[in-house]
Structure formats: structure tokens, C-alpha cells
Amino acid sequence: MGVRVDGRTFYLETANTLYQMKADEYGVLKHLWYGAKTGQDMEYLLDYPDVGFSGNIYDAENNRNYSLDTLPLEYATEGIGDFRIPAVGVRYPNGASALDLRYESYRIEPGKYSIPGLPAVYAEEYEAETVAITLKDTASDIRVVLKYGVLPAFDVITRSAVIINDGTQAVMVNKAHSLCLDIPYGHWEWVHFHGRWTKEREPERRPLLHGIQQSSSKRGTSSHQQNPVVLLCREGCTETSGTCIGAVLMYSGCFQTQIEYDQLNQTRVVMGMNTHTFSWELKPGNSFYTPEVILSQSTTGFETLSHQFHRVIREHVCRGKYKMIERPVLINNWEATYFDFNEDKLVEIAKGAAELGVDMLVMDDGWFGKRDSDSKGLGDWYVNQEKLPNGLEGLVKKVNDLGLQFGIWVEPEMVSEDSDLFRAHPEWAIQIPGRKPTRSRFQLVLDMSRKDVQDYLFDALSRILSSANISYVKWDFNRSVSDWYSEALPAARQKEMSHRFVLELYDLLERLTSAFPNVLFEGCCGGGGRFDAGILYYCPQIWCSDDTDAFERTQIQYGTSFFYPISAMGSHVSAVPNHQTGRVTPLKSRGITAMSGSFGFELDLNKLTDEEKEEVKLQIALFKEYGPLIHNGKYYRLSDPFREKYAIWEYVSRDAKKVLVHALIFRTEPNMLRYPIRLRGLDPDKKYRLREDGVIYSGNALMNGGILIPKVWGDYVPVEMYLEAIDA
Ligand code: DGJ
């Protein structure tokens with residue numbers, strides 16, 4: 001396992017997969033294989049057809065069968081006869097754009113490479129190996145180093161590229177994608193995750209069409225509308241069988257995934273920063289680093305693929321004190337009060353919550369400046385004395401005295417026109433000279449690509465975090481970015497702005513999380529509009545959606561779970577009728593749905609009946625017991641809540657001794673037929689006792705025969721079954 005080089009053939013082997021490429025006699029780096037381990041050089045599968053109208057490289061002389069337009073390539077370029085979609089493109093001072101990359105050398109190092117200024121998978125030296133392959137253009141002084149991180153035990157390969165200008169003149173990098181994956185064989189289907197605000201990450205599956213299909217964001221964030229992941233599968237792939245390949249881009253800004261199904265029925269996937277909002281002037285002697293892509297592959301369906309991504313993201317992307325430990329059960333006042341709160345109201349909410357066992361109060365939007373509504377105050381990060389007469393310190397002390405930790409909401413990258421910050425620094429808001437800026441939720445976006453803006457935010461946020469005993473930050477972002485223009489950049493470099501925005505955001509997050517290592521940071525973007533692996537590098541959890549309806553959440557969390565671990569999904573129990581849908585669901589259903597994430601509450605618990613309060617106490621106690629199983633165990637999607645009348649999911653501990661099944665039966669029918677759910681991931685030879693009635697089943701019976709869903713009454717009915725292995 002690990003990296004092996006045979007001549008000029010590279011074998012990147014993980015426990016169950018092989019990634020293979022070869023620098024051929026012309027120095028072209030061909031992609032040979034990404035799939036199950038085969039134990040051999042896969043070049044024998046390559047075909048060299050003369051399909052006509054596909055050119056031949058000059059050094060192939062009169063060989064009409066050697067064409068870059070038909071071969072699987074490791075990092076495709078433009079301008080030299082590969083007419084498929086390129087991964088990289090540069091423009092020289094003379095206006096030409098060709099790049100002909102040929103193999104130069106390689107280097108293998110223990111451990112996992114890192115990327116300056118960008119989030120990347122990290123690992124101990126014994127857990128990973130890095131191979132760096134250097135390619136050089138045949139005519140210019142551009143070099144590209146392709147970096148691969150191999151994490152054998154995780155079945156994960158990472159990729160990133162470095163573009164280096166060794167010449168004496170600047171060049172313009174127009175495209176610098178992180179991934180180029182050619183898959184010459186098979187009919188593949190594409191599952192992509194689309195949505196909108198409050199409806200994030202709905203899987204949509206379809207066969208590839210000839211030509212180019214893409215998912216992308218130009219919004220300055222990874223977006224609610226598309227997610228920066230790719231899932232390709234062979235026809236017929238299911239949760240438990242079939243081949244699939246997944247890729248996750250660790251990037252929180254404008255991205256682009258393009259998939260081309262070409263004239264020879266070959267598939268190419270490229271993925272990286274969106275070319276619509278990107279170009280970069282690469283000065284002599286400088287290097288450009290692309291964001292990282294995490295790749296994984298499975299021949300046993302989506303479930304295995306998800307398990308691989310869950311593990312690597314939880315253990316090797318998320319960082320900090322809260323990475324592996326159970327997070328506090330929090331209560332957030334947003335849906336309880338919106339902007340209408342003051343110290344007394346918050347303390348009342350905290351008091352009620354403390355009595356029921358909650359760990360932390362989070363004060364949401366509205367505590368600063370003149371923020372009585374969403375039309376003003378953003379940027380004025382000092383306490384609104386009318387609402388909080390004793391300041392943050394006074395409020396936090398009262399909350400702490402109740403036995404609760406305290407958390408706070410911020411939206412640092414934004415500014416309201418009605419704010420002291422905007423009055424002092426109108427030039428910090430993004431706007432194109434001579435045009436009125438586009439408003440969204442009444443607010444403008446700060447030009448994060450400016451260092452002075454970042455420094456201001458670091459000081460302002462540090463002041464808040466040092467002013468009281470604050471244990472948690474919810475970092476929000478409530479609009480898409482438009483009107484891209486930065487006063488700090490010359491005309492020719494305006495398209496650097498969107499990437500610089502993300503780089504400065506990462507830098508700010510790095511500075512703050514390092515300065516305040518005990519604070520838990522939760523990402524947010526109007527719910528799940530920036531739910532990506534880049535943010536998870538700084539914030540181990542992200543508010544999954546502004547939709548808190550239990551039924552809707554089963555779908556949103558189902559879609560999110562294909563790539564992201566359960567511990568990353570911010571999820572709360574809220575009031576009924578639900579504020580987004582008007583739907584009424586049982587409290588217990590809201591509880592088990594919120595447990596499939598970082599559990600918390602989003603309502604005033606004082607308004608519950610005594611019976612409901614008892615249920616809340618029970619939910620918190622259960623979550624304290626089940627939390628480690630939910631977050632460290634393996635997660636199984638036992639139904640598809642978009643297609644079936646129920647959502648059923650299961651957590652199994654890594655030693656297969658503890659099993660928790662949760663379900664929501666959406667609609668009950670009269671004369672209900674009972675059906676068994678077949679569990680997965682158990683030890684077939686173990687015996688398991690169902691806690692609810694003490695009945696004992698064998699692992700084999702539970703996985704092959706299943707367990708009957710209890711008869712239920714009503715709609716959105718919760719089902720909970722907990723099983724534990726017993727000594728035979
Ligand atoms: C959007 C978030 O997702 C909500 O939870 C809340 O924090 C609001 N913003 C506050 O403006």
C-alpha cells in the first residue's frame with residue numbers, strides 16, 4: 001500500500017483502491033486507472049484509435065493514432081489538440097494560450113503535503129504519503145507540480161496542483177482546476193446535489209449526456225444551489241452495491257464542476273475554482289496553489305463511499321478541541337425571539353433551558369449596533385446597550401451563573417448601509433464605480449480581499465471574544481456576492497478578487513481559531529449555503545439549513561450525509577407549527593431528527609407543557625448517551641426519504657456492538673401493513689437485545705430478515721430502536 005513507481009508508472013494504492021498513471025515515451029502523463037485494486041499495469045486497456053479530426057502531437061511524427069484528444073490524461077490543457085474540457089489554462093503576453101505539459105520528474109515524501117493559505121487534509125507521517133509529479137511546458141517556462149496525498153487506511157487520495165512561472169514575464173492563469181479525472185470506460189451516471197435556501201442538497205441522478213454538463217456557483221460561496229462535490233456511479237449502483245467515485249472540493253467560494261462525456265463515450269471530470277469569476281496574474285518566480293480535492297472510490301455502493309468521506313472529513317479535515325469530543329447541547333434564541341429580545345428575555349430562556357439540562361445559550365442576530373431588524377447595524381460589532389444594559393459581560397455572567405456556557409452570533413463579512421462602519425468606510429463595501437450596488441437582505445458585502453478589512457474584523461471579533469466568557473461563535477453569511485470589484489486591485493487583475501476573498505476569509509478564520517482555541521466555531525450561511533469541506537477545516541459544524549421542519553430535515557440531512565459526517569450538521573428541535581412550513585410534527589420526531597447532527601434547540605422551552613418538558617429532558621439524556629455512537633459510529637441510510645413514505649437511518653458502533661435505528665413514518669395508512677427493515681453493518685454472528693422489549697435477535701436475522709416497524713398512529717411518527725450485542 002502507498003506509493004510505488006515502476007519505471008514511469010505510478011501506483012497509488014490504498015486498502016481497496018488503485019490510482020494509476022504513466023508518463024509515456026513522449027512524456028505525456030496518461031491516466032490509466034482509478035478503481036478497485038487490480039495488481040497490474042492497466043495500460044493494456046488503452047485504445048489508440050484514429051477517429052479523424054483529432055490531431056497528433058508533432059513528436060508522434062506520422063502516427064495518426066496518437067492523439068491527446070482521445071487519450072485519458074492526468075491534467076488536461078488547452079490549445080494543443082485536446083478538444084475536451086481542460087483543467088488548466090494560461091495566457092502569455094503575446095495573447096496565445098497553449099500549454100503542452102510533459103513529464104519532468106517526481107518526488108515521494110512521507111506524510112501529507114499542505115497548501116499555503118488553503119485548507120487541506122492533514123495526517124501524521126505514518127498515515128499518508130505524498131507524491132509530487134513535475135510537468136513542464138514544451139515551449140514556455142511554466143511548470144506544473146501535481147500533488148497527490150495517499151491515505152491508505154482511509155481509501156482516500158487527495159489532489160492539488162501548483163502552477164509555477166519560471167520565466168521572466170507575467171502570465172495570466174485563466175483556469176486552475178484542482179481535479180482532472182479521465183474515466184475512459186463505462187456508462188456513468190451523475191448524482192449532483194442541488195437546492196435553494198431552506199432546501200439544500202437534494203440528490204438528483206441522471207445518465208451523462210454527450211457534451212458538457214456542470215454544476216457551479218458564482219455566488220462567492222459554495223452555495224445553497226449546488227454543492228462542491230461530485231458523485232459518479234455506474235448504472236444500477238445502489239447504497240450497497242456497484243461502483244461509484246466521489247470527489248469533494250475543499251473550497252468555500254465560486255466553484256465549477258464540469259463533466260464531459262466525449263465522442264468516444266469517455267468521461268472527463270474537472271473541478272475547481274469557477275472560471276467565470278477567476279483569473280490570476282502569475283508573476284515571474286511566483287507559484288499559484290489550487291484548492292484541494294479529496295477523492296474516494298467504492299465498489300460496494302454509496303454507503304461505503306460515504307463512510308470513507310465521513311471518516312476522513314471528521315478525523316483529517318476538522319480540527320481543534322471539538323473535533324472528536326461531544327459538543328454542548330445548545331439553545332439558540334433565533335426562532336424564539338428573532339430581533340425582539342433583551343437581557344431579561346435571554347436570561348429567562350436560559351433559565352428554562354438550564355432546568356431541562358441544556359449546556360449552552362446562543363444569542364443570535366440582533367445584539368449589536370442598532371440592529372432591530374435586518375435592515376441595519378451590520379458591521380457595528382459593539383453591544384446594543386438598550387437590549388443589553390449590562391453589556392456582554394453582565395449577560396454572560398448571568399447565563400454562566402445558571403450553569404450554561406454562552407455563545408454569540410456574528411456576520412463579519414457584511415455591512416449595512418445604515419451602520420457606523422459604512423459611514424466611516426463606504427469604500428470597504430463591494431461596489432462597482434459608477435454603479436449602484438446590488439442589495440440583498442438590505443445588506444452589502446465587505447471587500448474581504450483587502451488586508452485592512454481583514455485586520456479590522458480580526459480586531460473587532462477579538463475584542464468581542466475577549467470581553468466576556470464566550471465559548472461559541474456562529475459565523476453567518478446572509479447573501480450571495482455580486483458586483484465583483486475591488487478598489488485594491490488594478491483593472492487587469494479584478495478577476496483575482498473572488499479567490500482573494502476566500503483566501504482572506506480563511507486567513508481570518510485561521511487567526512481567530514488559533515487565538516481562541518477553546519471557542520467552538522459553527523459555520524452558517526443562511527443555513528447551509530456554505531456547507532463545504534473548506535469551512536469544516538475551521539468550524540467542525542455548520543448550521544445545515546434554515547429549514548428546521550423535522551420532515552424536511554430528514555431529506556436535507558439525507559442529501560448532506562452522502563459526503564459530510566453527521567457531527568458536521570447543525571440541527572435543532574424547533575417549535576410547532578414550524579416557522580418555515582407551518583407543519584406540526586411530534587416533539588419526539590423533532591428530537592430524533594435533530595440528534596442526527598449536533599443536537600440543540602431553537603425555541604423558548606418555557607412555553608412547553610410539563611409533559612413536553614419531560615420529553616426534552618429525556619431527549620437530552622438520550623443524546624448524552626447516544627452522541628458518541630451517532631458521531632463516531634457508521635451511518636446507514638436505510639431508506640430514501642425523497643422516494644419512500646418514511647425516513648429510516650441507523651448508526652452502528654465501530655465494534656458493531658451498539659445499534660441505534662431512528663425513523664420517521666411520514667404518513668400512516670389505515671389497516672397499516674407492517675414491513676421489516678433490514679439492518680446493516682451488524683456482526684452476523686452476534687446476538688442483539690432490543691432495549692425497548694428485551695427480545696433477542698441474531699445479527700444474521702436482523703440483516704437478512706429485518707425487524708418489523710411498529711404499528712404507528714398519526715403522521716411524522718417517530719420510531720426508535722436501540723440494540724446492544726449480548727454475550728452469547
Ligand atoms: C440566518 C441563519 O441561518 C439563522 O439561523 C439566523 O442566524 C439568521 N441568519 C439571523 O439573521
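A polar contact is a pair of N or O atoms within 3.5 Å. With that in mind, the surroundings of the ligand in this predicted model can be read contact by contact. A polar side-chain atom of aspartate 365 is found 2.6 Å from an oxygen atom of the ligand. Two tryptophans take part as well: an N or O atom in the side chain of tryptophan 409 lies 3.1 Å from a ligand oxygen, and for tryptophan 543 the corresponding distance is 3.4 Å. On its own the ligand has 290 Å² of accessible area, and the protein covers 98% of this.

The wider setting fits around these contacts. The ligand sits in the largest pocket, and 13 residues surround the ligand. Those that come nearest are Asp364, Asp365, Lys474, Asp476 and Asp546. Sorted by class, the shell comprises six charged, four nonpolar and three polar residues.

Aromatic rings are the next feature to explore. A pair of such rings is described by the distance of the centres and the angle of the planes. The structure holds 36 aromatic pairs. One of them joins tyrosine 537 and tyrosine 538, whose ring centres are 5.1 Å apart with 90° between the planes, an edge-to-face arrangement. Tyrosine 537 counts as buried because its relative accessible area, 14%, is under 20%. Tyrosine 538 is also buried, with a value of 6%. Elsewhere in the sequence numbering, one aromatic cluster is formed by Phe193, Phe302, Phe309, Tyr558, Phe562, Phe563 and Phe642.

Note on methods: Residues numbered from 1 in each chain as written. Predicted model: local features only at pLDDT ≥ 70, side-chain atom pairs only at ≥ 80, totals over all residues. Heavy atoms only, no water. Near = heavy atom within 4 Å. Polar contact = N/O pair within 3.5 Å; in protein donor to acceptor, adjacent residues only side chain to side chain. Areas by Shrake-Rupley, 256 points an atom, 1.4 Å probe, with all protein chains shown as cover. 1 Å grid on protein atoms, 1.4 Å probe; cavity = no way out; pocket = protein on both sides within 12 Å on 5 of 7 lines; lining within 4 Å. Sits in = over half its atoms within 2 Å of the grid points. Nonpolar A, V, L, I, M, F, W, Y, C, P; charged D, E, K, R; others polar. Phe/Tyr/Trp six-rings, centres within 6.5 Å; stacked < 30°, edge-to-face > 60°. Buried < 20%, exposed > 50% of the residue type's maximum accessible area, 1.4 Å probe, protein only.
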